[in-house]
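These are my notebook entries on one structure, kept in the order in which I looked things up. I wanted to go through the cavities and pockets, the sheets and some helix pairs.

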Amino acid sequence: MKKAILIVSFGTTYTDTRTKNITAIKQQVSMLYPDTIVEEAVSSTIVRKHMQEKEYINAKSPLEALISLKEQDVTQVVVFPTHVIDGIENNQMKNAVEECRHLFDKIVVADALLANADDYTDVAKALWESLKELTGNSVLIFMGHGTEHMADSSYRVMEQALRAYARKPVYIATVEGKRTIQDVINDMREEGIVNTGVFLAPLMLVAGDHANNDMAGDDESFATILKANGYTPQCVIKGIGEYPAVRQVYLSHLQKAVKALENVSDTDNLPDKKSGILYGIGVGTGNPKQMTLQELEVIKSCDLIVIPAVSKEECYAYRIAEQACSEISTKPVLCMPFPMIKDEGKLEISHNKIYEAIEEYLYQGKKIGMITIGDPSIYSTYMYMHKRARANGWRAEIVSGVPSFCAVAARLGISLGEKGEEIHIIPSSDNIENTFSYNGTLIYMKSGRGLKQLVKALRARQEAGEMYEINAVSNCGMDSEKVYHSLEELENADVYLTTVIVKRKKKNN
């Protein structure tokens, strides 16, 4: 029995964006399924012709690729489209599959990116989390391809999902669909958004001809139309395949199709002690030299790295580990941003979905390392996955890292506790006023969001006559590290990764 995965893309004549998006997906698929043949097909006749004449690349159509797989004695195939919607291109691909179905023992087609309600939510989260820092308070407008097919309505649903997740105006206009850039401009005016800066980004796998010309070009492009209507556009020439969190939505569809190919149901292949294993790996606070030999050894042994962020670039833990362990860059990465919300119901749903994505790889017998700053057992998102894995019968192990408060104390050259002194580790979400009744050393973890409230409370206590020794470090061990030795200095801190150590001074009689 010989298996293959056929990745089908519309394609692009822009080599650079093809490498960053389509090739990147193929590389990740090959790393995740090393024992499976992975082939590509390009559905656009124009793109295939260009690749042949200009780049001397013999790109195959979906039909040609399937016939080629048959000639390689492949018996089972998963067809994995990178199309955004189930429109004309995706349906033509399905027709090619039906034409070749008799050639194989089994052939399964994975869904396009936007296939069900969960996909819209997941893609909205992935896109917004990837772009929110760049766009700031500016309006974000996506450019979709659009189609005469009834699936064109998918863009309107996607826009609503983006608005619901971002909780601010986000728009989608299409090049060839019903909703035009002028429609979006009219909507913005109705919402009072006029004469302001906007960001334009493609809602397409690649940033090719449409992105460079129809969106950002000089002739009747989205950008020029927006300028003519009083807006100041900035263009993000980046295909959505470059966002790891979006790639993961694509890959989740591939995983489901692979399970269907293998006839694996939710009750089949129950986990056993020889199956996959999940590691929670603490990488310390910021100094890669603080990583232990055990951490490096486990990372090197892993088949897959999970990070709680939308990309490697935005993950503190990954950037730390990469400096100490170059091998990590050769491993596939599963980007799983954890929501920072307090609604327990929504958190439970989100954590379950993240765990389900991880468990798919456990079923494949993979060694999975989820990396986190500090130590995984101290206010870490890893423990949500650890508990679920253990409850489902998987092996899950914690690999300790240097916790921030220990590294901060070392950096400050102070003791956290001596003789019978108590040490209290306090999350930023705790009620600060209640903590002043504790004896001994008070350590406020990740206090960046509640820093102003903490400073205000300490100031009030000092004005009431209490005396404290106050020290803090932001981004301990990183290049951006800052040290604070007083409440006055701490008032200027605004970094999320700030650890504050407070000791009550004894009054002189």
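Before sorting any lining by class, I fixed the classes: Ala, Val, Leu, Ile, Met, Phe, Trp, Tyr, Cys and Pro count as nonpolar, Asp, Glu, Lys and Arg as charged, and the others, Gly among them, as polar. I also note at the outset that this is a predicted model.

**Entry: cavities**

I looked for enclosed space and found that the structure holds two cavities of 30 Å³ or more, the largest of them with a volume of about 230 Å³. Its lining is made of 21 residues, and T285, I373, S404, K446 and L497 are the ones closest to its centre. When I asked which elements give two or more residues to this lining, I arrived at α15 (404–412) and β18 (498–504). Applying the classes above, I read the lining of the largest cavity as 10 nonpolar, nine polar and two charged residues.

**Entry: second largest pocket**

I then turned to open space, where the second largest pocket takes up about 760 Å³. I listed 32 lining residues for this pocket, of which F10, E89, H145, M204 and H210 are closest to its centre. Which helix supplies the largest share of this lining? I found that α4 does, with four residues, while α2 (45–55), α4 (88–100) and α8 (209–215) each supply at least two. By class, the lining of the second largest pocket has 13 nonpolar, 15 polar and four charged residues.

**Entry: the four-stranded sheet**

I traced an open sheet of four strands and wrote down its order as β6-β5-β7-β8, with parallel pairing. I marked β6 (170–174) and β8 (232–235) as the edge strands, each of which has a single partner strand, so one side of each is left without a neighbour in the sheet. From one strand to the next, I noted a twist that averages 30°. Looking closer at one pair, I found five bridges between strand β5 (residues 139–144) and β6, in the parallel sense, and in this pairing F142 has I172 of β6 as its bridge partner.

**Entry: the five-stranded sheet**

I followed a further open sheet, in which five strands take the order β11-β10-β12-β9-β13 and the pairing is again parallel. Here β11 (333–335) and β13 (395–399) are at the edges with a single partner strand each, so I recorded one side of each as being without a neighbour in the sheet. Neighbouring strands of this sheet are turned by 20° against each other on average, direction ignored. For the pair I checked in detail, strand β10 (residues 304–307) runs parallel to strand β12 (residues 367–372) and is joined to β12 by three bridges, with I368 of β12 as the bridge partner of L304.

**Entry: helix pairs**

I kept in mind that two packed helices are described by the angle between their axes and the distance between the axes. For helix α5 (residues 117–135) and helix α6 (residues 154–166), I noted axes that come within 8 Å and cross at roughly 60°, and I therefore entered α5 and α6 as oblique to each other. The crossing in which α5 passes α6 is right-handed.

I repeated the exercise for helix α10 (residues 244–261) and helix α13 (residues 344–363), whose axes come within 11 Å and cross at roughly 45°. How are α10 and α13 set to each other? The rule I applied places angles of 35 to 65 degrees outside both the roughly parallel and the roughly perpendicular classes, and α10 and α13 are therefore oblique to each other. In this pair α10 passes α13 in a left-handed crossing.

Conventions:
Residues numbered from 1 in each chain as written. Predicted model: local features only at pLDDT ≥ 70, side-chain atom pairs only at ≥ 80, totals over all residues. Heavy atoms only, no water. Pairing = 2+ DSSP bridges. Axes fitted to C-alpha atoms, helices over the stretch in contact; angles between N-to-C directions. 1 Å grid on protein atoms, 1.4 Å probe; cavity = no way out; pocket = protein on both sides within 12 Å on 5 of 7 lines; lining within 4 Å. Points joined across faces, edges and corners; volume = space filled by probe spheres on them. Parallel < 35°, antiparallel > 145°, perpendicular 65-115°, else oblique. Left-handed = near helix turned anticlockwise from the far one by under 90°.
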